[in-house]
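Reader: Please give me a close look at one side chain and what it reaches. Then work outward to the rest of the chain.

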Amino acid sequence: MPRQKPPWISTTVPSAGPSAVRRTPYCIGPSPYSNRCATTRTLPRVGSGSALRKDRLARRPGGAGPPEPRRAAGTVGGRGERTGVVIEVGPGAGDDPTAGIVLADRYALAGPLGRGGRATVYDAEDRLLGRRVAVKVFHDRAADPAVLREQETEARIVASLNHYALTTLFDAGVEAGDPARPQLFLVMERVRGADLRSALTAGPLGLEQACAIGHDLAEGLEYLHGAGFLHRDVKPANILLAAVDVGTRPRAKLTDFGIAALVGRVQREEFVTGTAAYLSPEQVDGRDAGPASDVYSLGLVLVEALSGRVAFPGDVETSAFARLDRDPDLPTDLPDGLHALLRSMTARDPARRPGPGEVAVRLQEELVDDLVRRRGPEVRPQAEAEAVRLAALRRYDVLDTPPEAAFDEVTRLASRLLGAPIALISIVDTDRVWLKSRRGYDAEAVDRNTSFCVVTDPGTGPWTIPDARADPRTADNPVVLGDPKVRSYAAAPLTTRDGHHLGSLCVYDLEPREFDGEALRTLEDLAEIVMDELELRLASRRAASAR
């Protein structure tokens with residue numbers, strides 16, 4: 001007897017439209033928009049709801065300097081639908097219909113990064129903070145202002161999320177030129193790099209790269225679920241990669257929370273959200289989807305990353321039914337442990353799937369095992385110790401986070417009190433040293449193999465290099481041989497309460513010098529302030545999760 005077609009099956013999986021919002025009013029991203037994509041020149045004009053500058057739609061007066069931006073009346077939806085709100089159109093806008101447009105007197109668009117059924121994401125510059133951002137502008141206005149307010153509330157919740165494997169929401173604004181039909185835009189972290197879907201067009205990833213990506217995403221999902229959210233649309237197009245070169249550990253970030261929902265608040269629906277190829281069996285069947293649904297989708301993503309093939313290809317109906325009848329085919333050359341993990345992640349019974357925390361641990365173990373297979377058993381103790389240290393680092397959710405005044409004040413003090421032009425809070429990651437705060441230095445990260453923080457660390461107490469050119473550990477370092485021509489260095493370790501070394505607070509001088517005991521004690525005291533701040537934030541997050 002042929003299987004009964006679920007009521008939501010048609011030629012395409014419906015996007016989260018107006019009915020979706022009514023049935024599941026806990027979406028993080030705005031959903032009350034049709035799939036019509038307006039293409040007029042001034043489409044992206046939005047403005048008056050910015051969380052930081054709600055009333056900044058007035059233009060700055062002209063003056064000396066760059067050419068005065070042109071002005072264009074904002075229209076959304078069709079030509080001639082004037083709202084009376086003015087946007088700026090900067091120089092060079094003639095080449096691209098969005099180039100030079102400035103939203104809310106702050107976000108200067110530089111062209112589209114991608115388009116979807118509900119929104120377009122633009123590369124942009126945040127003029128206030130001088131950084132690159134991604135601005136997501138939804139195509140249509142909300143017919144129901146109450147629905148838009150609901151989406152704004154959820155955007156604020158997402159803005160409270162802070163994890164290295166989740167893209168960060170910086171700002172949200174509403175253009176209300178027509179009060180009855182307001183429009184939402186989101187300002188997000190701009191991740192440099194391709195998405196996983198694009199990366200896989202060149203072929204499958206290696207085992208190390210796939211496990212590293214999976215580890216990051218599993219930790220991100222564990223954090224997301226712990227904060228009370230489901231993602232519900234884990235797929236390669238929603239996974240951004242900072243690096244995918246051979247020999248380089250890729251860093252994965254999960255993005256697009258447009259159809260996410262609160263754990264425990266998802267109601268049974270007659271339709272499904274998500275992309276057909278990556279849905280869980282319970283989503284296909286119309287059953288309630290819990291955290292295990294995201295784990296299943298991540299399992300399918302990893303299968304595709306390792307094999308280079310979509311696990312359940314075909315049209316929507318064929319793809320959806322296939323997972324109800326069989327498990328995905330796995331590559332035959334996988335290590336036994338990874339094969340077993342992927343099989344459990346893609347089990348049709350949600351109760352048999354591991355949680356995302358267990359997935360992260362097992363993928364880290366696979367990375368260690370892979371290193372041992374490639375380099376020999378003698379590296380296992382060191383690799384296992386480093387895996388434990390990295391796990392400790394991840395719990396602080398400090399990597400790839402925006403600049404923060406609390407940490408910038410520490411580097412300012414370190415620079416002033418020790419009379420050094422460069423001061424850094426250095427966090428040692430897998431293959432890089434990421435700079436949480438930097439004074440007198442522009443780069444956000446440096447290669448781990450060349451970082452002073454790594455190559456000179458004695459493992460205990462503060463340390464110093466009086467003359468970097470005379471020290472064999474640093475004499476051929478790029479920052480010694482070239483700009484900024486570092487000549488001396490002092491550092492104090494950043495150590496957790498349970499003894500894990502996260503990195504250092506360090507200062508650099510451009511002249512050889514001895515840092516005396518008082519200077520090193522000052523550096524130690526400031527390093528303790530950094531760790532106290534990190535520990536306080538960790539304790540606050542744990543207390544919030546326990547409530």
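Author: The side chain of Arg438 reaches the backbone oxygen of Asp442 at 2.9 Å. This is a predicted model, so every value here is computed from it. A second backbone oxygen, that of Ala443, lies 3.3 Å from a polar atom of the Arg438 side chain. Arg438 itself is found in strand S14, which covers residues 432-439.

Is Arg438 buried, exposed or partly exposed? Its relative accessibility is 31%. Buried needs a value under 20%, and exposed one over 50%. Arg438 therefore counts as partly exposed.

What does Arg438 touch further along the chain? Leaving out residues up to four places away in sequence, its contacts are Ala423, Leu424, Ala443 and Glu444. So Ala443 appears twice for Arg438: as a contact and through its backbone oxygen, with Arg438 counted as partly exposed. Ile422 is 16 residues from Arg438 in sequence, and the two C-alpha atoms are 7.5 Å apart.

Now the aromatic rings. Ring centres within 6.5 Å count as a pair. By this rule there are four aromatic pairs. One of them is Phe452 with Tyr489. Their centres are 5.1 Å apart, with 80 degrees between the planes. That makes the pair edge-to-face. Phe452 belongs to helix H12 (residues 452-455), and Tyr489 to strand S17 (residues 488-495). The pair links distant parts of the chain, 37 residues apart. Both Phe452 and Tyr489 are buried.

Phe452 also pairs with Tyr508. Here the centres are 5.4 Å apart and the planes 50 degrees apart, a tilted pair. Why does this pair tie together separate parts of the sequence? Phe452 lies in helix H12 and Tyr508 in strand S18 (residues 501-509), so the parts joined are 56 residues apart. Tyr508 is buried, as is Phe452. Together, ring pairs link Phe452, Tyr489 and Tyr508 into a cluster.

Another ring has a charge over it. The charged end of Arg131 sits over the ring of Phe170, 3.8 Å from the ring centre.

Next, His163. This residue lies in the loop between helix H2 (145-159) and strand S7 (169-175). Its relative accessible area is 5%, so His163 is buried. Its side chain reaches the backbone nitrogen of Ala165 at 3.0 Å. The side chains of His163 and Asp397 are joined by a polar contact of 3.4 Å. Beyond neighbours within four places in sequence, His163 is in contact with Glu219, Gly220, Tyr223, Lys253 and Asp397.

What about cysteines? A search of the whole structure finds zero disulfides. Cys211 has 1% relative accessibility, so it counts as buried. Cys506 is at 0%, so it counts as buried too.

Now the nonpolar cores. The largest has 46 residues. Leu196, Ile239, Leu298, Leu338, Leu342 and Met345 have the most contacts inside it. Several elements each supply at least two residues of this core, including helix H4 (207-226), helix H6 (291-307), helix H8 (336-345) and helix H9 (356-375). Strands S10 (239-241) and S11 (252-254) do so as well. Met345 touches Val295, Tyr296, Leu298, Gly299, Leu302, Arg353, Pro354 and Val359, with residues up to four places away not counted. Another core, of 32 residues, lies apart from the largest one. Among its members are Ala165, Ala414, Ile425 and Ala490.

Helix H7 (residues 316-325) is mostly covered, with seven of its ten residues buried. These are Val316, Ser319, Ala320, Phe321, Ala322, Arg323 and Leu324. They pack against helix H5 (281-285) and H6. At the start of H7, a side-chain oxygen of Asp315 reaches to within 3.2 Å of the backbone nitrogen of Glu317.

Last, the whole chain. It has 14 helices and 18 strands. Of its 547 residues, 54% are buried. Among contacts between residues at least 6 apart in sequence, 63% join residues at least 24 apart.

Notes. Residues are numbered from 1 along each chain as its sequence is written. This is a predicted model: local features need pLDDT of at least 70, side-chain atom pairs count only at pLDDT 80 or more; totals for chains, interfaces and linings use all residues. Side-chain values use heavy atoms; hydrogens and water are left out. Rings of Phe, Tyr and Trp (its six-membered ring) pair if their centres lie within 6.5 Å; planes under 30 degrees apart count as stacked, over 60 as edge-to-face and the rest as tilted. Helices (H or I, at least four residues) and strands (E, at least two) are DSSP runs, numbered from the N terminus. Buried means under 20% relative accessible area, exposed over 50%, partly exposed in between (1.4 Å probe, protein chains only). A charge sits over a ring if NZ of Lys or CZ of Arg is within 6 Å of the ring centre and within 35 degrees of the ring normal. A disulfide is a pair of cysteine sulfur atoms within 2.5 Å. A polar contact is a pair of N or O atoms within 3.5 Å; within protein, one must be able to donate a hydrogen and the other to accept it, and residues adjacent in sequence count only if both atoms are side-chain atoms. Contact means heavy atoms within 4.5 Å. A nonpolar core is a set of buried Ala, Val, Leu, Ile, Met, Phe, Trp, Tyr and Cys residues joined through side-chain atoms within 4.5 Å.
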